[in-house]
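This briefing is meant to be read beside the sequence and the coordinates. It moves from the interior of the fold to aromatic pairs and then to charged pairs.

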Amino acid sequence: RQAIIYLFGYQLTRLDKVQAIHLTKGKTNRQYLSELASLNLRAIVERTMVAFEDVFFGDLPLERTVFENCWNDLEMFHQYTSLSH
């Protein structure tokens, strides 16, 4: 549960750091998704976002395989965000 919360928070802060999104109080997660120009990057972030929302807002259990899929996307996430510099 905590791991997906931290992972999604990390993704948002990195995206803000590389100026792929602009973190602003009051923006929704879907608004952040719409800011992403790269469809590949958007798919990665969306997968993590859905898992985060299920856990955080829906209080649903997080399946291990769902988290592992999000975690396994991290290397590709780093590649896409390093190109954004």
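What follows is a set of grouped notes on packing, aromatic rings and salt bridges.

The structure is a predicted model, and the notes below should be read with that in mind. The largest nonpolar core has 23 residues, and helices H1, H2, H3, H4 and H5 each give two or more residues to this core. Alongside this core, the structure holds six aromatic pairs and five salt bridges.

**The nonpolar core**

- Within the 23 residues of the largest nonpolar core, those that touch the most other members are Ile 4, Leu 15, Leu 36, Val 45 and Phe 77.
- The elements that give two or more residues to this core are helix H1 (2-17), helix H2 (29-35), helix H3 (39-56), helix H4 (64-72) and helix H5 (74-82), and the largest share, seven residues, comes from H3.
- Leaving aside residues up to four places away in sequence, Leu 15 touches Ala 20, Ile 21, Leu 36, Leu 41, Val 45, Phe 77 and Thr 81.
- As general background, nonpolar side chains tend to be buried together in soluble globular proteins.

**A buried glutamine in H1**

- Gln 11 is found in helix H1, and this residue is buried, with a relative accessible area of 0%.
- When residues up to four places away in sequence are not counted, Gln 11 touches Ile 44, Val 45, Thr 48 and Phe 77.
- With Thr 48 there is also a polar contact, made between the side chain of Gln 11 and the side chain of Thr 48 at 3.2 Å.

**The buried side of H5**

- Leu 74, Phe 77 and Thr 81 are the buried residues noted in H5, and because they cover an arc of only 50° around the axis, they are on the same side of H5.
- The cover over the buried residues of H5 includes H1, H3 and H4.
- Phe 77 is also among the core members that touch the most other members, and Leu 15 touches both Phe 77 and Thr 81.

**Aromatic pairs**

- A pair of aromatic rings is described by the distance of the centres and the angle of the planes.
- Of the six aromatic pairs in the structure, one is formed by Phe 56 and Phe 57, which is edge-to-face, with 5.0 Å centre to centre and 90° between the planes.
- The two rings of that pair fall into separate accessibility classes, in that Phe 56 counts as partly exposed at 42% relative accessibility, whereas Phe 57 counts as exposed at 58%.
- Phe 67 and Trp 71 form a stacked pair, with 6.0 Å centre to centre and 25° between the planes, and because they are four residues apart in helix H4, they are separated by about one helical turn.
- In this stacked pair Phe 67 is buried, with a relative accessible area of 19%, which places this residue just inside the limit of under 20% used for burial, while Trp 71 is partly exposed at 48%.
- Ring pairs also link Phe 8, Phe 52, Phe 56 and Phe 57 into a cluster.

**Salt bridges**

- Among the five salt bridges of the structure, one joins Glu 35 to Lys 27, with the closest N and O atoms 2.4 Å apart; Glu 35 is partly exposed, with a relative accessible area of 28%, and Lys 27 likewise counts as partly exposed, at 27% relative accessibility.
- Another salt bridge is formed by Glu 53 and Arg 30, with the closest N and O atoms 3.0 Å apart, and because Glu 53 lies in helix H3 and Arg 30 in helix H2, the pair ties together parts that are 23 residues apart in sequence.
- Within this pair Glu 53 is buried, with a relative accessible area of 18%, whereas Arg 30 is partly exposed, at 47%.
- The side chains of Arg 47 and Asp 73 meet in a further salt bridge, at 2.6 Å from N to O; since Arg 47 lies in helix H3 and Asp 73 in the loop between H4 and H5, this pair ties together parts that are 26 residues apart in sequence.
- Here the acidic partner Asp 73 counts as buried, at 15% relative accessibility, and Arg 47 counts as partly exposed, at 39%.

Methods. Residues numbered from 1 in each chain as written. Predicted model: local features only at pLDDT ≥ 70, side-chain atom pairs only at ≥ 80, totals over all residues. Heavy atoms only, no water. Core = buried A, V, L, I, M, F, W, Y, C linked by side-chain atoms within 4.5 Å. Buried < 20%, exposed > 50% of the residue type's maximum accessible area, 1.4 Å probe, protein only. Contact = heavy atoms within 4.5 Å. Polar contact = N/O pair within 3.5 Å; in protein donor to acceptor, adjacent residues only side chain to side chain. Phe/Tyr/Trp six-rings, centres within 6.5 Å; stacked < 30°, edge-to-face > 60°. Arc of directions from axis to C-beta. Salt bridge = Lys/Arg side-chain N within 4 Å of Asp/Glu carboxyl O.
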